[in-house]
Amino acid sequence: MSKILISACLLGMCCRYDGKSCEYQKISELVDRYELIPVCPEQLGGLPTPRTPSERIGDKVIMKDGTDVTRQYNRGAEETLRLAKLFDIRTAILKSKSPSCGKGLIHDGTFEGGMTEGNGVTADLLMRNGIKVYTEEELDLLP
Ligand code: SF4
């Protein structure tokens with residue numbers, strides 16, 4: 001059974017910034033097909049739960065109160081990549097729109113709900129290291 005890294009919040013773990021999960025019902029269909037390895041990059045980066053929401057602004061990640069949390073986001077991405085290498089994982093399913101996990105489209109840094117093209121910090125790092133990243137909305141594309 002091949003291993004897939006997955007955003008922990010999609011499995012129902014309450015690791016989101018607001019202390020909630022965003023369990024995605026279709027994920028349960030994958031349990032019989034893959035070995036799912038849950039990961040939350042923001043927690044791995046040392047951020048608490050709940051936490052103030054953050055958005056990417058250029059190369060930085062900034063909390064809504066202005067705190068620069070780029071270092072924590074980068075650390076979480078590096079720890080996630082380390083896990084992927086440790087378990088020889090080539091595929092990840094990451095939560096869409098997140099400043100860590102989003103792929104293709106993320107919040108635009110205004111904290112007003114707008115979106116822009118781009119990737120979360122962790123999704124970026126994984127893809128740059130040859131790991132295929134899918135959002136929960138792309139499960140039909142999984143090998
Ligand atoms: Fe979910 Fe990723 Fe945010 Fe953690 S960092 S709560 S796994 S979207």
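**Exercise 1. Contacts of L94**

Task: In this predicted model, which residues does L94 touch, not counting residues up to four places away in sequence?

Solution: Start at L94 and set aside the residues up to four places away in sequence. What remains is S7, L10, C101, A123, L126, V133, Y134, T135 and E136.

**Exercise 2. The nonpolar cores**

Task: How many residues has the largest nonpolar core, and which elements each supply at least two of them?

Solution: First, the size: this core has 21 residues. Next, look for those with the most contacts inside it, and you will find L5, A92, L94 and L126. Then turn to the elements: β2 (35-39), β4 (60-63), α2, β5 (91-94) and α3 (121-128) each supply at least two residues. Finally, there is a second, separate core of 11 residues, with I6, L10, I27 and L139 among them. As background, nonpolar side chains in soluble globular proteins tend to be buried together.

**Exercise 3. Around the ligand**

Task: How many residues surround the ligand, and how do they divide into nonpolar, polar and charged?

Solution: Begin with the count, which is 14 residues. The closest are C9, C15, C40, E42 and C101. Now sort the shell: seven residues are nonpolar, three polar and four charged. As for the place itself, the ligand takes up the space of the largest pocket.

**Exercise 4. Q72**

Task: Is Q72 buried or exposed?

Solution: Locate Q72 in helix α2, which spans residues 70-86. Its relative accessibility is 17%, and buried means under 20%, so Q72 counts as buried. To finish, leave aside neighbours within four places in sequence: Q72 is in contact with G45 and L47.

Methods
Residues are numbered from 1 along each chain as its sequence is written. This is a predicted model: local features need pLDDT of at least 70, side-chain atom pairs count only at pLDDT 80 or more; totals for chains, interfaces and linings use all residues. Side-chain values use heavy atoms; hydrogens and water are left out. A residue is near a molecule or strand if one of its heavy atoms lies within 4 Å of it. On a 1 Å grid over the protein atoms alone, a cavity is a set of points where a 1.4 Å probe fits but cannot get out, and a pocket is an open set with protein on both sides within 12 Å along at least five of seven lines; lining residues have an atom within 4 Å of a point. A molecule sits in a cavity or pocket if more than half of its atoms lie within 2 Å of its grid points. Ala, Val, Leu, Ile, Met, Phe, Trp, Tyr, Cys and Pro count as nonpolar, Asp, Glu, Lys and Arg as charged, and the others, Gly among them, as polar. Helices (H or I, at least four residues) and strands (E, at least two) are DSSP runs, numbered from the N terminus. Buried means under 20% relative accessible area, exposed over 50%, partly exposed in between (1.4 Å probe, protein chains only). Contact means heavy atoms within 4.5 Å. A nonpolar core is a set of buried Ala, Val, Leu, Ile, Met, Phe, Trp, Tyr and Cys residues joined through side-chain atoms within 4.5 Å.
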